[in-house]
Amino acid sequence: MAIRRPIIPNEIIVHLGEPDSAARNISIPFDEYIKNVASGEIYPNWPLDSIKANVLAQISFALNRVYNEWYRSKGYDFDITSSSVYDQSFSENRQFFEKISQVVDEFFNDYIVKDNQIQPFFCTVL
Amino acid sequence: MNVVSYEEFKNTLEYENFIKDNPNMGLLKVQVFTAYNSIPIENTEVVISKDFGDTKVIFFRGLTDSSGIIDNISLPAPAVNISSYEVPEYTLYDLTAINVLYEFIKQYLVGMFGDVKVIQYVKMTPKVNEESSYGN
């Protein structure tokens, strides 16, 4: 039977640098990746609705990279990079904020789609 | 370098300046894991310190519980304006985690914000016994 929606991966492989840099790949739980990104790109003092909007966008962005095999289709052995120039800001060992972590747990498995498309929407929040 | 406790530091002039800049308290939760976050590591010693010139002040020292956690470590931090888009100020502390059965020592810089709870994961891998690390 065909799968009607993308499966959220348990883990995501992050390249710790720009795509062609000689950096390590690390495999981490998908929710931990989102907590890391969100705790680096937004602050815990922001209004709660802004935090929620950002987290949804960050989940959708990452899932879009996985769903479209953006890097793997180009021959790389990772799903996403840690560089905010190419993807979203990720830093190994970064601290999380509890408030942001709770929002990620609340929204985990949700993502944004456009119209009736199946693929997670490629989106960023400025 | 001199090492002093937080209680001793409170009797110094430097403390008055420090607490003026850090009037609020932030909370820190430390979680220590191994095996890709699946196994907590208990009895890991966690030390939170900060250097003031040639003096190291120890703000906290404790052991993780059976869940690999030390929760609600209270540390002085700048006030944060909640529900605003201002970039908040923070104070950096050194976090050192020590466990002789694992990687022995790991160090992190943790930024503390007033009235904000911060979570720091510490991931350790077991110490490998060279003689038993090869297959049959």
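Buried here means under 20% relative accessible area, while partly exposed runs from there up to 50%. Keep that handy, as the exercises below work on a predicted model.

**Exercise 1. Work out how helix H1 of chain A sits in the structure: which of its residues are buried?**

Start with the geometry. H1 covers residues 30-41 of chain A, 12 residues in total, and reaches 17 Å from its first C-alpha to its last. That's close to the 16 Å expected at 1.5 Å a residue.

Next, go through the cut-off. The residues that pass are Phe30(A), Glu32(A), Tyr33(A), Ile34(A), Lys35(A), Asn36(A), Val37(A), Ala38(A) and Ser39(A). With nine of the 12 buried, H1(A) is largely enclosed by the rest of the structure.

**Exercise 2. Size up the interface of chain B and chain A: how many residues does each chain bring to the contact?**

Count first: chain B brings 22 residues and chain A brings 16. Then take the area. About 1,700 Å² is buried between the two chains, and carbon and sulfur atoms give 54% of that. Finally, look for charge pairs: the rule finds two salt bridges across this interface, against a count of 10 over all chains.

**Exercise 3. Find the partners in the salt bridges between the chains: which residue pairs up with Glu32(A)?**

Glu32(A) goes with Lys123(B), with the closest N and O atoms 2.5 Å apart. Lys123(B) lies in strand E9 (residues 117-123) of chain B and Glu32(A) in H1 of chain A, so this pair joins two chains. Now check the burial: Glu32(A) has a relative accessible area of 9%, so it is buried, whereas Lys123(B), at 27%, is partly exposed.

For the other pair, Lys117(B) lies in strand E9 of chain B and Glu98(A) in helix H3 of chain A, so two chains are joined here as well. Their side chains meet at 3.8 Å, N to O. Lys117(B) is buried at 14%, while Glu98(A), at 25%, counts as partly exposed.

**Exercise 4. Map the surroundings of Glu98(A): which residues does it contact, leaving aside neighbours within four places in sequence?**

Place it first: Glu98(A) lies in helix H3 (residues 98-107) of chain A. Its contacts are Lys117(B) and Ile119(B). Then follow the charges, and you get a network of salt bridges linking Glu98(A), Asp71(B) and Lys117(B). Within chain A, the C-alpha atoms of Glu98(A) and Lys35(A) are separated by 9.3 Å, though the two residues are 63 residues apart along the chain.

Technical notes:
Residues are numbered from 1 along each chain as its sequence is written. Chains are lettered from A and ligands numbered from 1 in the order in which they are written. This is a predicted model: local features need pLDDT of at least 70, side-chain atom pairs count only at pLDDT 80 or more; totals for chains, interfaces and linings use all residues. Side-chain values use heavy atoms; hydrogens and water are left out. Helices (H or I, at least four residues) and strands (E, at least two) are DSSP runs, numbered from the N terminus. The expected span of a helix is 1.5 Å times one less than its number of residues. Buried means under 20% relative accessible area, exposed over 50%, partly exposed in between (1.4 Å probe, protein chains only). Contact means heavy atoms within 4.5 Å. Buried area is the accessible area (1.4 Å probe) that two parts lose on being put together, summed over both. A salt bridge is a side-chain nitrogen of Lys or Arg within 4 Å of a carboxyl oxygen of Asp or Glu.
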